[in-house]
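Trainee: Please take one part of this model, the charged side chains and what surrounds them, and go through it closely. I would like to know how each label is arrived at.

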Amino acid sequence: MTGPYARAAGNYTRYGDVKALLRAADDRFVIFSSGEGVKLDFDAKSLPALPAGWVRDYFFYADGFEKDMDFYAAHAFTVEPLPKHGPKPYPYEPGNGYPDDSAHTQYELEYNTRQRSGKLPADLQYHYR
């Protein structure tokens, strides 16, 4: 990855197969940063043939959260605290944060293994020579 991207400090999802994280809205997210992405491939050959003159459109439904590095956002310069689904507000109230059960801990240990320092330029601007 190249480019002058500012990145929040914290643990990002490892590179590789992350399909298990995309199958359900379960508070296990693919965490990636500016200049990164998730590639989704599938084999459409098993779909039924279309009548002459028809085209097939695909709809991609994403269930996730976006966090930018806005000065006015809560915890803007760190990946954590991770978001979760539910009616409780973010930023979290004390004692009501991201789940700390064994399943969520295992997810973090298995997938979120790319650590970024979050080193930012002093004035949050990149100066090109």
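Mentor: A residue is called buried when its relative accessible area is under 20%, exposed when it is over 50%, and partly exposed in between. Keep in mind that the model is predicted. Asp41 has a relative accessibility of 60%, so it counts as exposed. Its partner in a salt bridge is Lys39, with the closest N and O atoms 3.7 Å apart. A salt bridge requires a side-chain nitrogen of Lys or Arg within 4 Å of a carboxyl oxygen of Asp or Glu, and therefore this pair qualifies. Lys39 is itself exposed, because its relative accessible area is 69%.

The whole structure holds 5 salt bridges. Another of them joins Lys19 to Asp17, where the closest N and O atoms are 3.6 Å apart. Here the label changes: Lys19 is at 47% relative accessibility and so counts as partly exposed. Asp17, at 48%, is partly exposed as well.

Next come Arg28 and Asp26, whose salt bridge has its closest N and O atoms 3.1 Å apart. The relative accessible area of Arg28 is 23%, which makes it partly exposed. Asp26 is also partly exposed, at 27%.

Each of these two residues leads to a neighbour. Arg28 is in contact with Ala20, which also touches Tyr111, leaving aside residues within four places in sequence. Ala20 belongs to helix 1, residues 19-22, and is partly exposed because its relative accessible area is 30%.

Asp26 is among the residues that His104 touches; Asp27, Tyr98 and Pro99 are the others, not counting residues up to four places away in sequence. His104 is part of helix 2. With a relative accessible area of 12%, His104 falls under the 20% limit and is therefore buried. Its side chain makes a polar contact of 2.8 Å with the side chain of Asp101.

One group of charged residues goes beyond a single pair: Glu36, Arg114 and Arg116 are linked in a network of salt bridges. Arg114 also has an aromatic neighbour, since its charged end sits over the ring of Tyr15, 4.2 Å from the ring centre.

That brings us to the rings. A pair of aromatic rings is described by the distance of the centres and the angle of the planes. There are 4 aromatic pairs in the structure. In one of them, the centres of the Phe29 and Phe65 rings are 5.4 Å apart and the planes stand at 90 degrees, so the pair is edge-to-face. Phe29 and Phe65 lie in the loop between helix 1 and helix 2 (102-111), 36 residues apart, and the pair links distant parts of the chain. Phe29 is buried because its relative accessible area is 11%, while Phe65, at 45%, is partly exposed. Phe42 and Tyr58 form an edge-to-face pair too, with 5.2 Å from centre to centre and 65 degrees between the planes. These two rings are also in the loop between helix 1 and helix 2, so the pair ties together parts 16 residues apart in sequence. Phe42 is at 51% relative accessibility and therefore counts as exposed.

Finally, the setting. The elements of the chain run β-α-α-β from the N terminus. Of its 129 residues, 21% are buried.

Notes: Residues are numbered from 1 along each chain as its sequence is written. This is a predicted model: local features need pLDDT of at least 70, side-chain atom pairs count only at pLDDT 80 or more; totals for chains, interfaces and linings use all residues. Side-chain values use heavy atoms; hydrogens and water are left out. Helices (H or I, at least four residues) and strands (E, at least two) are DSSP runs, numbered from the N terminus. Buried means under 20% relative accessible area, exposed over 50%, partly exposed in between (1.4 Å probe, protein chains only). Contact means heavy atoms within 4.5 Å. Rings of Phe, Tyr and Trp (its six-membered ring) pair if their centres lie within 6.5 Å; planes under 30 degrees apart count as stacked, over 60 as edge-to-face and the rest as tilted. A charge sits over a ring if NZ of Lys or CZ of Arg is within 6 Å of the ring centre and within 35 degrees of the ring normal. A polar contact is a pair of N or O atoms within 3.5 Å; within protein, one must be able to donate a hydrogen and the other to accept it, and residues adjacent in sequence count only if both atoms are side-chain atoms.
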